[in-house]
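Q: I would like to learn how to read a structure one feature at a time. Where should we start?

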Amino acid sequence: MKKKFELQFIETLVYSNYGIKVKATQVEGESDDNFKLNSKNKSYFFKIYPKKTDPKFVKFQTNLLTDLKDYKKAANNKLTLDKKPYATFFDKENEIRYFRMNDWIHGRLWSSVNPINKNLRHELGLESAKLILKLKKINSNYLREDFDWDLSNYLWIDKFYKKIDIGKKRQLIIENLLLNFKKKQSEYDGLRKNLIHNDLNDNNIIVSENLKTPNIVGFIDFGDCIKSQLINELAVTCTYGIIDSMNLLESACEIIKGFNSEIKISEIETEFLYELILLRISISILKSSLNEKYNPGNKYLQVSKDDMLLIFDKWADINQELATYFFRNACGFTPTPHEKNFKKLIGKKKSSINILFNKNETNKLENLDLSVSSKWLSSDLINDISSFEKKINQKPFSTFFGGYLETRAVYDSSDYEVLTERGFENRTTHLGIDFWVNEKTSINSIEDGIIKIITNDKTSKGYGGLIIIEHNLGSLKFYSLYGHLTDQKKSKLKVGDFVEKGEKIAEIGSVKENGGWSPHLHFQIMLTLLDYKNDFPGVCLESEKKVWSSICPNPNLILNFDVNINTKFDEDELKISRKKYLPRNLKLSYNSPIYIVRGFNQYLYSNKGKKYLDTVNNIAHVGHQNINVLKAAKDQIGVLNTNTRYLHDEIISLSKNLAAKFPKKLSKIYLVNSGSEANELAIRISNVNRNCENFIVMQGGYHGNTNKTIEVSNYKYNSKGGSGKASNVFEIPMPDEFRGKYRGKGAGKKYFIEFEKIISKAKKANKKISAMIVEPIISCGGQIELPEKFLKKCKKILNRENILLIVDEVQTGFGRVGEKFWGFQLHDVIPDIVTLGKPMGNGHPIGAVVCTAEISKKFDNGLEFFSSFGGNPVSCRIANEVIREIDSRNLQKNALKTGKFLVSELKKLAKKYSIIGNVRGRGLFIGLELVDQNLIPEMDKAIYLVNRMKELGVLMSNDGLDKNVIKIKPPIIFSIDDSKRLIMLLDKVMAEDYMQLN
Ligand code: PMP
């Protein structure tokens with residue numbers, strides 16, 4: 001910044017004119033000299049206008065600010081000691097200079113806010129409309145001649161845009177823009193006018209310091225204020241309010257909705273918005289380029305050029321017609337203006353399903369639910385075509401149809417994926433009706449029309465053979481779309497051909513030519529082709545359903561058949577019922593809970609079709625709804641499910657399979673239904689063995705929800721509502737080398753000494769100990785790895801003292817830790833008892849206790865062991881399949897490889913973001929600890945992170961004694977690509993304002 005005025009000079013100027021003692025610092029400005037002034041208890045903004053400023057302008061501006069004094073969101077202009085809104089002085093060149101001073105609006109610039117959320121954009125629109133209403137009351141008609149920034153004065157760019165170096169493509173876009181805009185000039189001239197701010201750019205909007213739920217606190221710089229078309233204000237506000245957005249249209253609509261809630265925008269005004277935004281972007285680029293040429297020293301003049309070039313390209317890529325429909329929707333109009341008329345006229349056209357298929361359809365029409373929660377579609381979704389067809393063919397006298405506006409999980413290829421403000425999202429909402437008819441079924445045009453598109457869509461899960469026909473409907477045109485046809489290269493029809501109603505146009509294609517689907521017709525109608533030349537979307541983002549369903553009305557308006565579709569639960573109903581029937585301490589995850597209706601591999605799907613990458617659910621060990629596990633379960637449940645009092649092969653093969661994974665010594669297996677039941681039993685087995693009930697437990701340990709397991713779970717008995725440590729429990733500190741009682745090098749030894757002390761304490765108190773229970777990596781306690789050799793050394797002492805060691809592998813077992821199959825193997829010990837749960841049934845309730853023959857023998861004191869469900873053939877069959885999946889797919893190795901990659905990437909993030917104090921874990925059992933510089937736990941930030949990641953489509957959880965540890969324990973099929981996506985989104989959220997707060 002060039003220093004033209006001494007700060008002391010400014011301070012004296014302020015004192016002599018306003019009577020206030022201040023300290024001045026210079027701040028940036030386009031051509032003015034701006035200063036921030038700090039007095040004892042207030043801050044001010046001070047502006048010296050450039051040489052030769054028109055005094056009329058200064059007067060206008062300062063009067064304006066003075067008139068706005070009741071408006072809370074503009075800075076109050078200070079009057080001078082002699083009550084003037086501005087004053088003057090003569091500079092070194094003896095030229096007159098005008099200056100003014102106003103209150104400083106405290107906050108941060110919009111341009112520095114990260115992330116800009118939906119609410120803030122809505123509020124920006126709302127507040128800018130409120131400002132317009134204030135300006136309306138001001139009795140001024142400030143017309144500035146030839147003002148470059150006035151959109152209604154856009155014609156000046158005509159002379160310049162070809163001379164600046166922005167590339168041919170951009171020049172052509174501007175050329176077209178000007179050409180089209182000029183055609184609508186008289187309409188534009190007739191739009192309502194108002195005094196407008198005209199420069200609500202991202203450096204003129206002040207946002208509150210609240211980093212989680214920011215608000216608009218003010219607008220500054222009224223220097224471009226002008227009387228012009230009111231809609232120009234909204235266009236300018238949108239231009240800057242959508243910078244950095246992943247979905248410009250959606251973000252612009254948020255601003256528009258806010259604006260429209262205060263000032264109703266007319267239909268005709270919506271028609272100018274797209275172009276006005278492009279015009280403002282173009283003017284901004286042109287001004288920066290011209291300044292670069294003529295005023296190269298002033299970098300401020302070019303601040304937004306790169307942003308603007310980027311946004312120019314992105315905005316120009318959006319179809320203008322489509323954008324206008326979005327704007328209309330945001331303003332409460334039907335998205336397509338002719339939708340109502342179409343609905344009226346189409347009723348008179350009598351087409352039918354029989355015309356479409358050219359036969360008297362005698363089959364019963366039956367709705368096929370392919371929505372995300374469809375029970376009809378199994379975990380193989382629609383990919384297993386032969387089983388899909390088998391099901392369809394079970395009812396040969398039914399024709400299955402359905403899908404209009406149905407949200408489906410089946411569009412999972414990358415062609416359907418879009419990066420939005422909510423992370424990666426798939427286009428999931430179906431815009432046509434599918435008819436599941438046989439390959440080679442003849443398809444006929446539903447109306448007279450002209451072929452507009454005839455092609456083969458080659459994308460994976462695309463249309464395959466595709467025909468689109470244009471029809472006339474009174475003064476309207478509409479289009480019918482026929483997808484998944486035979487190879488259209490072989491068709492005799494071509495673009496421009498006339499076809500009659502009922503004329504055969506094609507046949508249903510086979511899997512090979514129809515995009516890879518089970519044969520069916522995708523039939524859709526559209527009121528416009530937008531700009532599509534060779535394609536048209538058949539599915540849209542769920543969030544854009546309202547607009548797309550207006551462009552693509554229900555095809556049944558023309559086919560006229562009876563449909564009976566069941567409605568489903570909605571989230572609000574579920575929330576109410578949950579409150580009514582379920583206990584309050586049964587908690588939901590996330591600030592706003594999600595309605596999950598489907599799982600597949602490492603993903604969970606909401607009822608809205610949002611696909612979440614799951615980094616939390618270690619129970620779905622080999623993937624949610626793993627196809628083989630599912631098949632095994634189905635096979636067995638259809639044959640037998642009973643208790644263990646009969647001979648059965650599944651329990652034997654499971655026991656053999658499990659035993660093979662353990663050291664020889666651990667050979668006896670008790671099958672139960674959960675981790676809690678396993679630990680409960682392990683405690684009982686120990687107590688019977690050692691004839692006492694005292695236990696050594698670890699701080700942070702969690703072992704289940706039954707009475708006995710809670711008694712040994714410090715994580716529970718020591719937390720809110722817990723009943724504290726029982727007298728038979730001896731606690732050793734959690735050996736956390738990062739933030740525990742002892743830290744860093746040598747800490748492990750100290751924790752071991754603590755363990756020894758406990759042993760002596762119990763001895764002194766004459767309390768015989770039955771067992772010590774530990775997790776090989778403490779999970780709920782915060783993914784804490786035990787110090788090296790700690791457990792091995794403990795085991796030696798335990799052996800000496802005749803105390804059993806129970807290792808709880810409920811979280812860590814079955815290959816998760818990568819290097820070994822069991823967590824205890826990382827410590828080179830053989831426990832006396834091992835407990836299993838969670839991953840063992842991949843979601844099906846099954847657990848186990850594994851112990852030595854000797855311990856088992858002692859437990860057999862005459863009392864029968866029996867668990868009604870434990871060891872039933874279905875559970876055993878499932879667990880067998882889980883083990884088979886781990887082995888046959890080398891998933892333990894995957895956990896090792898992916899885990900190593902993930903940890904190394906997380907460590908890179910930790911270098912970038914100091915809040916990540918520690919990254920730890922083994923295989924796919926990882927912890928990310930969030931702390932400040934003084935190692936104070938950052939629980940609130942962990943909660944923020946988890947909730948933001950959820951919004952972005954990644955499920956994570958926070959835990960640990962201080963709830964500041966992000967636990968990462970996904971299904972062990974989690975891939976390197978999944979890890980990359982996780983890291984990319986973590987990087988994004990870590991950079992957000994709230995996470996950066998010191
Ligand atoms: N042990 C550990 C280490 C656990 O994490 C859990 C569950 N979180 C249990 C035991 C209890 O298992 P369940 O909830 O299946 O009874």
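A: Start with the ligand and the kinds of residue around it. This is a predicted model, and by class the shell around the ligand has two nonpolar, seven polar and three charged residues.

Q: Which residues are around the ligand?
A: They are S674, G675, S676, N679, Y702, H703, G704, E775, D808, V810, Q811 and K838. Helix α20, residues 675–690, gives the most to this shell, with three residues.

Q: How do I read polar contacts, and which atom of the ligand is 2.6 Å from the side chain of D808?
A: A polar contact is a pair of N or O atoms within 3.5 Å. In the case of D808, a side-chain N or O atom is 2.6 Å from a nitrogen atom of the ligand. K838 has a polar side-chain atom 3.0 Å from a ligand nitrogen. G675 uses its backbone instead: an N or O atom there lies 3.1 Å from an oxygen atom of the ligand.

Q: How much of the ligand's accessible area does the protein cover?
A: On its own the ligand has 390 Å² of accessible area, and the protein covers 85% of that.

Q: Now the nonpolar cores. Which residues touch the most other members of the largest one?
A: That core has 106 residues, and W315, F327, F536 and W548 touch the most other members. Helix α9, residues 267–294, supplies the largest share, 12 residues. Take F327 as a case: beyond its neighbours within four places in sequence, F327 is in contact with L249, A252, C253, I256, T270, L273, Y274 and W315. A second, separate core has 96 residues, including L671, M734, I784 and A848.

Q: How do I decide on burial: is K375 buried or exposed?
A: Compare its relative accessibility with the cut-off: exposed means over 50%. K375 counts as exposed because its value is 77%. K375 lies in the loop between β11 (364–367) and α14 (385–393). Its C-alpha atom is 9.9 Å from that of V597, 222 residues apart along the chain.

Q: What should I look for in the backbone?
A: Look at the angles. The peptide bond joining N114 and P115 is cis, with omega about 5°, and P115 lies in the loop between β6 (108–109) and α3 (118–136). N198 is not a glycine, yet its phi is positive, about 75°.

Q: Where is N198 found, and is N198 buried or exposed?
A: N198 is found in the loop between β7 (193–196) and β8 (205–207). N198 is buried, because its relative accessible area is 0%.

Key. Residues are numbered from 1 along each chain as its sequence is written. This is a predicted model: local features need pLDDT of at least 70, side-chain atom pairs count only at pLDDT 80 or more; totals for chains, interfaces and linings use all residues. Side-chain values use heavy atoms; hydrogens and water are left out. A residue is near a molecule or strand if one of its heavy atoms lies within 4 Å of it. A polar contact is a pair of N or O atoms within 3.5 Å; within protein, one must be able to donate a hydrogen and the other to accept it, and residues adjacent in sequence count only if both atoms are side-chain atoms. Accessible areas come from the Shrake-Rupley method with a 1.4 Å probe; for residues, only the protein chains shown count as cover. Helices (H or I, at least four residues) and strands (E, at least two) are DSSP runs, numbered from the N terminus. Ala, Val, Leu, Ile, Met, Phe, Trp, Tyr, Cys and Pro count as nonpolar, Asp, Glu, Lys and Arg as charged, and the others, Gly among them, as polar. A nonpolar core is a set of buried Ala, Val, Leu, Ile, Met, Phe, Trp, Tyr and Cys residues joined through side-chain atoms within 4.5 Å. Buried means under 20% relative accessible area, exposed over 50%, partly exposed in between (1.4 Å probe, protein chains only). Contact means heavy atoms within 4.5 Å.
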